[in-house]
Amino acid sequence: MASAKVLIPMADYGHDPTETAIAYDIFKQAGFEVHFATETGNAPHCDDRMISGISGKLLGAKQDAIAKYKEMIEEPAAKEPLAWSDPSFSLEQYSLVYFPGGHDKGVRQTIDSASLQKHVAEFFPQTRKPSQKTVAAVCHGVQTLSAATLSDGKSVLHDVTTTALPGAMESGVYWMTRPFLGDYYKTYGKGTDNVETIVRKKLDNPDKQYKNNLGPGPFVVEDQNYNYVSGRFPPDTAALAQRAVELVKETLSEK
């Protein structure tokens, strides 16, 4: 089996430490070569609110995820990431591209990046089976994918089966934390659409394609036509990353 390379695109600041570090650890344990990319090559840092303070204690990452995150950011690949805005950057060498999520407004750097959207629009169609390319995404990472459009103007997710952060979860924690965190749990601010609504609007038939689950997890959705797997929130990360690893190994072994 050919060796697998993984890319994790990240904002300079703001991604969820669990959704990033737990997945990274699973990819490394599988023997994959993991690279990171930020917009201009700055070393990424995850959301401090998820690892410190009252928000960290009440709603943040578990100790195992925090430990893995602290190890991850000391890795050479994390300290010297690639720059997706560089003219020479390409996703072509990667077997897997993984999009973590996060609530902090900093993650808009990945969602809104025209250059990253262009790379995604070129890469995602290559995951159509049979293929040796795979994409995995969780939470706001699914929103990042949904923002990338094909030449016909449709989202790259227009014909896939997917999940994302459920609106009921996002709204519930937003109202619960608003007295002390303001609009933190609304990445684009008060009154904007939640992730589920944004993603559903990009699908051809959202009632059939969008899969929802309000259970504590894990819940992972796998598309049947593309090598694409998605999750909702941090508790899904381990199962999502493990399934992505299995899918990559399955597709590479067929070479």
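This report describes the strand sheet, one helix pair and the largest pocket of a predicted model.

Residues are numbered from 1 along each chain as its sequence is written. Local features need pLDDT of at least 70, side-chain atom pairs count only at pLDDT 80 or more, and totals for chains, interfaces and linings use all residues.

An open sheet of mixed pairing is formed by 7 strands in the order β3-β2-β1-β4-β5-β7-β6. Its edge strands, each paired on one side only, are β3 (82-83) and β6 (220-222). Strands are DSSP runs (E, at least two residues), as helices are (H or I, at least four), numbered from the N terminus; two strands pair if DSSP finds at least two bridges between them. β1 (residues 5-9) runs parallel to β4 (residues 96-99) over 2 bridges, with Leu7 opposite Val97 in β4.

Helices α1 and α11 (residues 237-253) have axes that come within 9 Å and cross at roughly 35°. Axes are lines fitted to C-alpha atoms over the stretch in contact, with angles from 0 to 180 degrees between N-to-C directions. The contact (heavy atoms within 4.5 Å) includes Ile22 and Phe27 of α1 and Ala241 and Val245 of α11.

The two residue sets divide by class as follows (nonpolar: Ala, Val, Leu, Ile, Met, Phe, Trp, Tyr, Cys and Pro; charged: Asp, Glu, Lys and Arg; polar: the others, Gly among them).

| Residue set | Nonpolar | Polar | Charged |
|---|---|---|---|
| Contact of α1 with α11 | 8 residues | 3 residues | 1 residue |
| Lining of the largest pocket | 12 residues | 3 residues | 4 residues |

α8 gives the most to the pocket lining, with 3 residues. On a 1 Å grid over the protein atoms alone, a pocket is an open set of points where a 1.4 Å probe fits, with protein on both sides within 12 Å along at least five of seven lines; lining residues have an atom within 4 Å of a point.

Notes: Side-chain values use heavy atoms; hydrogens and water are left out.
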